[in-house]
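The following exercises concern a single protein chain and are to be worked through with the sequence and the coordinates at hand. Each task is followed by a solution in steps.

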Amino acid sequence: MQRYDLLSIKGAEMYAVRTELNELQNSNDGLQARGFPTDISSHECAVKKTVLLADDETIVLEVSAEILNVLGYNVLTAENGTDALSIFKSDSKNIDLVILDMIMPGMTTSEVVNAMQDIKTDVKILLVSGRKIDESTKNMMKNGYDGFIQKPFSIPMLSSVVRDILNEE
């Protein structure tokens with residue numbers, strides 16, 4: 001299984017990821033070999049789910065959004081916590097999961113999450129970071145986060161974590 005470091009994707013690597021995503025979409029064998037349902041385009045739960053994705057690194061945001069789209073999710077993107085909160089305020093009823101980078105400029109992750117929880121108490125939050133899980137991350141997880149995924153992550157890993165949080169089969 002090929003693994004891409006989403007933090008360092010540039011030029012040729014971005015093309016390679018997009019090529020692999022296209023191949024995955026067009027090949028049930030390729031999907032199955034990488035641990036995906038054999039027809040992700042008809043994954044009944046994913047098609048109905050909307051994910052708000054926030055990351056201040058443009059390339060990570062683009063690639064992650066593309067992966068989630070290939071997996072069948074509707075994706076809204078934000079480049080910082082303030083923009084993510086603005087999008088969430090305007091469409092919270094339709095957002096099933098928020099994926100937040102742990103460190104972004106402007107509002108802290110805790111501030112963004114607290115504000116989102118004031119709007120929608122049962123909001124599901126997946127925290128993403130290049131940092132390893134340490135005591136501060138563990139403490140953050142106790143404050144309303146539903147999961148943590150460490151960068152770099154593989155496509156099947158992201159798929160699995162998102163499906164688990166959304167209680168999808």
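**Exercise 1. The sheet**

In what order do the 5 strands form the sheet, and is the pairing parallel or antiparallel?

*Solution.* The model is a predicted one.

Step 1. The strand order is S2-S1-S3-S4-S5, in an open sheet with parallel pairing.

Step 2. Strand S2 (74-78) and strand S5 (147-150) have a single partner strand each, so they form the edges and one side of each lacks a neighbour in the sheet. On average, neighbouring strands are turned by 20° against each other, direction ignored.

Step 3. The individual pairings can then be listed. S1 and S2 run parallel and are joined by 5 bridges, with Val51 opposite Val75 in S2. S3 and S4 pair in the parallel sense over 4 bridges, and here Val98 stands opposite Ile125 in S4. Strand S4 (residues 125-129) also pairs with S5 in the parallel sense, over 4 bridges; in this pair Leu127 faces Phe148 in S5.

**Exercise 2. Helices on the sheet**

Determine which strands are touched by helix H5 and by helix H6.

*Solution.*

Step 1. Helix H5 (residues 81-91) packs on the sheet and touches strand S1 (50-54), S2 and strand S3 (97-101). The direction of H5 makes about 135° with that of S2.

Step 2. Helix H6 (residues 109-119) also packs on the sheet, where its contacts are with S1, S3 and S4. Its direction makes about 165° with that of S3.

**Exercise 3. Chain pattern and crossovers**

Describe the order of helices and strands along the chain, and state the hand of the crossover from S1 to S2.

*Solution.*

Step 1. The protein chain contains 8 helices and 5 strands. In sequence order the pattern reads α-α-α-β-α-β-α-β-α-β-α-β-α.

Step 2. Between S1 and S2 the chain passes through helix H4 (residues 58-70), and this β-α-β crossover is right-handed.

Step 3. A right-handed β-α-β unit is also made by S3, H6 and S4.

**Exercise 4. Burial and the nonpolar cores**

Is strand S4 largely enclosed or left open by the rest of the structure? Identify also the residues that touch the most other members of the largest nonpolar core.

*Solution.*

Step 1. Buried residues account for 46% of the 169 residues in the protein chain.

Step 2. In S4, 5 of the 5 residues are buried, so this strand is largely enclosed by the rest of the structure. Both of its faces are covered: one side carries Ile125, Leu127 and Ser129, the other Leu126 and Val128, and all are buried.

Step 3. The largest nonpolar core has 22 residues, of which Leu68, Tyr73, Leu97, Ile99, Leu126, Leu158 and Val162 touch the most other members. Two or more residues of this core come from each of S1, H4, S3, S4 and helix H8 (155-165).

Step 4. A second, separate core of 19 residues includes Leu100, Met102, Met104 and Leu127. Strand S4 can thus be followed into both cores: Leu126 belongs to the largest one, and Leu127 to the second.

**Exercise 5. A network of salt bridges**

Which residues are linked in a network of salt bridges? Explain why the pair of Asp55 and Lys151 ties together parts that are apart in sequence.

*Solution.*

Step 1. The count of salt bridges is 2, on the criterion of a side-chain nitrogen of Lys or Arg within 4 Å of a carboxyl oxygen of Asp or Glu.

Step 2. In one of them, the side chains of Asp55 and Lys151 meet at 2.8 Å, N to O. Asp55 lies in the loop between S1 and H4, and Lys151 in the loop between S5 and H8, so the pair ties together parts that are 96 residues apart in sequence.

Step 3. Lys151 also forms a salt bridge with Asp101, with the closest N and O atoms 3.3 Å apart. Here strand S3, which holds Asp101, is linked to the loop between S5 and H8, the two residues being 50 apart.

Step 4. Asp55, Asp101 and Lys151 are therefore linked in a network of salt bridges. Asp55 and Lys151 are both buried, and Asp101 is buried too.

Terms used:
Residues are numbered from 1 along each chain as its sequence is written. This is a predicted model: local features need pLDDT of at least 70, side-chain atom pairs count only at pLDDT 80 or more; totals for chains, interfaces and linings use all residues. Side-chain values use heavy atoms; hydrogens and water are left out. Two strands pair if DSSP finds at least two bridges between them. Axes are lines fitted to C-alpha atoms, for helices over the stretch in contact, and angles run from 0 to 180 degrees between N-to-C directions. Contact means heavy atoms within 4.5 Å. A crossover is right-handed if, with the strands pointing away from the viewer, the path from the first strand over the helix to the second runs clockwise. A nonpolar core is a set of buried Ala, Val, Leu, Ile, Met, Phe, Trp, Tyr and Cys residues joined through side-chain atoms within 4.5 Å. Buried means under 20% relative accessible area, exposed over 50%, partly exposed in between (1.4 Å probe, protein chains only).
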